[in-house]
Amino acid sequence: MDTPLSTIAVVGLGTMGTGIAEVLARAGREVIGIDTSEAAATRAITALESATARSVARERITEEERRDILARFRAFSDLQAAADADLVIEVVPESYEVKQQVFRALDSIVRPDAIIATGTNALSVTRLAADSAHPERVLGLHFFNPAPAMKLVEVVSSVLTAPQAVAAVTELAQQLGKEPVSVGDRPGFVADGLLFGYLNQAAAMYEAKYASREDIDAAMKLGCGLPMGPLALLDLIGIDTARTVLDAMYAESHDRLHAPAPILKQLSEAGLTGRKSGRGFYTYEAPGSGAVVRDALTPLETATTGAAREVRSVGVAGSGTMASGIAEVFAKAGYDVVLAARSAEKAETAKARIAKSLARSVEKGRMTAEAREETLARVTPAGSLDAFAEVDLAVEAVAEDLEIKQQLFATLDKVCKPGAVLATTTSSLPVVACARATSRPQDVIGMHFFNPAPAMKLVEVVRTVLTADDVHATVREVTARIRKHPVDCGDRAGFIVNALLFPYLNNAIKMVEQHYASLDDIDAAMKLGGGYPMGPFELLDVVGLDVSLAIEQVLHREFRDPGLAPAPLLEHLVAAGCLGRKTGRGFREYARR
């Protein structure tokens with residue numbers, strides 16, 4: 001195991017195996033590609049030729065370097081070709097039987113000091129190692145798709161793995177320009193262990209007809225900054241693959257959040273496995289294509305739920321960052337805005353915050369000084385909700401406290417004219433409880449903006465069972481006019497984004513509690529392996545641990561699922577006053593400003 005890993009065999013030349021082979025060949029390693037299918041071997045060679053040709057065209061490598069890369073890759077159909085390899089990476093289908101056949105055959109082919117790595121993301125590395133004649137040389141080496149682009153590599157040790165093997169493979173990953181994360185052997189490891197629970201919940205949400213596939217995907221892209229929505233990602237990964245990973249995770253955790261949503265079984269058994277089959281949650285142009293085409297489930301662009309009411313003026317109740325941000329959004333879109341706070345002074349302070357924000361936009365060239373003055377002139381500060389007497393839409397953005405919101409809605413009921421739409425920006429409280437505080441619950445709806453409101457494109461439009469069709473149509477139309485993207489959801493805890501985001505964050509905390517991985521490794525894994533803009537612990541500290549705990553508690557109370565119970569570590573940090581960046585300490589410590 002002290003031998004440099006210069007000759008590497010890749011067993012299985014599917015998409016992942018081909019990608020790994022490309023990474024190795026580009027890094028100067030001699031690569032032996034092995035696949036029982038000659039067609040797969042031919043495709044792998046063709047893929048490498050195409051990828052390197054693109055690199056030459058983009059002037060990333062020379063033609064001579066391309067020839068050297070191609071010369072370092074040789075394809076075979078017999079495992080005997082791995083005899084001289086220093087490292088063998090198997091990337092065959094996710095089946096114990098198939099992988100064990102490969103491992104048993106390799107025992108009699110490769111040198112005793114050669115390392116054998118499995119590319120599994122769902123099966124037990126320990127179980128595979130135990131079947132080997134030399135379990136100490138077996139480990140997991142989990143690349144992410146597409147292997148040439150994705151930086152993360154999870155190096156997975158079993159209790160049988162020799163430290164020298166781990167060190168050698170970790171060093172190789174670094175030499176390949178990857179960022180290796182060392183983890184123990186459990187299904188999903190770090191990145192997939194967190195990712196697939198979230199994907200499963202999204203599939204269950206869609207199956208329950210809570211929201212459309214388009215709205216679920218748009219919500220997570222626009223609300224969390226993710227590169228893909230969860231259902232589109234399931235189609236890319238393969239619905240059958242996701243089901244296999246989740247089955248393995250559930251077998252170990254017995255957590256209902258990991259029990260595969262029935263729709264995953266239905267789709268995979270029907271052969272609707274995603275992009276590779278041409279149809280999964282979405283329908284694609286052809287098998288293997290990423291181009292989505294219309295199908296029977298695609299909503300019509302003009303679909304509405306009724307005639308919209310006219311909205312010319314908007315009232316925004318509140319004086320905090322969210323209230324001033326929402327008022328700014330409406331004023332920029334040309335609406336006359338009344339910004340009401342508990343006092344005239346607070347309202348003026350909120351307007352001053354808008355002025356400052358608009359000034360930054362002028363400095364950055366996003367708007368003219370004239371447009372800034374016109375926008376600011378549309379905002380009228382007020383020290384009382386009485387100023388809402390003539391507004392067509394009233395939006396509350398006060399403290400996330402049900403009693404406070406109900407009192408405010410009772411006041412709006414008395415102050416606002418008949419036909420005015422009353423909206424709450426709550427992120428976790430029942431919208432219907434606000435509606436019932438009025439004598440016109442049919443006029444009440446949820447408009448959940450995301451922070452910072454001027455920048456974030458998403459608005460969750462939350463209908464209660466009492467909301468009128470024309471109120472829903474009005475809010476969707478207004479949301480489009482203020483250049484936001486509306487997604488429809490029902491009145492239940494977490495709506496779309498928080499219901500999917502916070503269980504994922506909670507599971508990350510549980511990983512740390514169980515000493516499975518460090519904060520830094522988990523954050524790195526999700527940024528590098530999942531394309532998340534922030535790691536879960538970075539995000540928790542930004543959101544605020546107290547806010548996160550409150551949302552977790554609401555989700556747990558609503559759904560009564562033991563897997564949603566807040567992680568004790570989160571509760572302890574909140575009890576200790578470690579609330580994140582705002583207090584200088586959360587999961588990490590921060591310099592006080």
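Reader: What makes a radius of gyration of 28 Å agree with a compact globule?

Author: Happy to walk through it. This is a predicted model, and its chain has 593 residues. The rule is 2.2 Å times the number of residues to the power 0.38, which gives a radius near 25 Å for a compact globule of this length, and the chain's 28 Å agrees with that. Along the principal axes, the C-alpha atoms fill a box of roughly 85 × 50 × 50 Å. The secondary structure comes to 22 helices and 18 strands.

Reader: Why are strand S3 and strand S8 called edge strands?

Author: Start with the order of the open sheet, S3-S2-S1-S4-S5-S6-S7-S8, in which 8 strands take part with mixed pairing. Strand S3 (73–76) and strand S8 (179–184) each pair on one side only, and that makes them the edges. Neighbouring strands in this sheet are turned by 25° against each other on average, direction ignored.

Reader: How do you know that S7 and S8 count as paired?

Author: Pairing needs at least two bridges between the strands. Strand S7 (residues 152–157) is joined to S8 by 6 bridges, so the condition is met, and the two run parallel. For one bridge to look at, find Val153, whose partner in S8 is Pro180. As background, strands of a sheet pair through backbone hydrogen bonds, either parallel or antiparallel.

Reader: What makes helix H1 roughly antiparallel to S1?

Author: Angles over 145 degrees count as roughly antiparallel. Helix H1 (residues 15–26) runs at about 170° to S1, so the label fits. H1 lies across strand S1 (7–11), strand S2 (30–34), S3, strand S4 (87–90) and strand S6 (138–143). Helix H4 (residues 96–107) also packs on the sheet, where it touches S1, S4, strand S5 (115–118) and S6. The direction of H4 makes about 175° with that of S5, so this pair is roughly antiparallel too.

Reader: Why is H7 called oblique to H19?

Author: The axes of helix H7 (residues 191–207) and helix H19 (residues 519–530) cross at roughly 60° and come within 9 Å. That angle is not under 35, not over 145 and not in the range 65 to 115, so H7 is oblique to H19. Their crossing is right-handed.

Reader: And what makes the contact of H7 with H19 nonpolar?

Author: Look at who meets whom: Ala191, Leu194 and Leu195 in H7 face Ile522, Ala525 and Met526 in H19. By class, the contact has 6 nonpolar residues, no polar and no charged.

Reader: Why is H19 roughly perpendicular to H20?

Author: Here the axes of H19 and helix H20 (residues 536–543) cross at roughly 100° and come within 7 Å. The perpendicular class covers 65 to 115 degrees, so H19 is roughly perpendicular to H20. In H19, Leu519, Ile522, Asp523, Met526 and Lys527 meet Pro536, Phe537 and Glu538 in H20. This contact divides into 5 nonpolar, no polar and 3 charged residues.

Reader: How do you know that the bond between Asn145 and Pro146 is cis?

Author: Its omega is about 0°, as for a cis peptide bond. Pro146 is in the loop between S6 and S7. A cis bond also joins Asn451 and Pro452, with omega about -5°. Pro452 is found in the loop between strand S16 (444–449) and strand S17 (458–463).

Reader: What makes the phi of Lys209 worth a look?

Author: Most residues other than glycine have a negative phi. Lys209 is not glycine, yet its phi is positive, near 60°. The residue is in the loop between H7 and helix H8 (213–224).

Notes: Residues are numbered from 1 along each chain as its sequence is written. This is a predicted model: local features need pLDDT of at least 70, side-chain atom pairs count only at pLDDT 80 or more; totals for chains, interfaces and linings use all residues. Side-chain values use heavy atoms; hydrogens and water are left out. Helices (H or I, at least four residues) and strands (E, at least two) are DSSP runs, numbered from the N terminus. Axes are lines fitted to C-alpha atoms, for helices over the stretch in contact, and angles run from 0 to 180 degrees between N-to-C directions. Contact means heavy atoms within 4.5 Å. A crossing is left-handed if the near helix is turned anticlockwise from the far one by less than a right angle, and right-handed if clockwise. Ala, Val, Leu, Ile, Met, Phe, Trp, Tyr, Cys and Pro count as nonpolar, Asp, Glu, Lys and Arg as charged, and the others, Gly among them, as polar.
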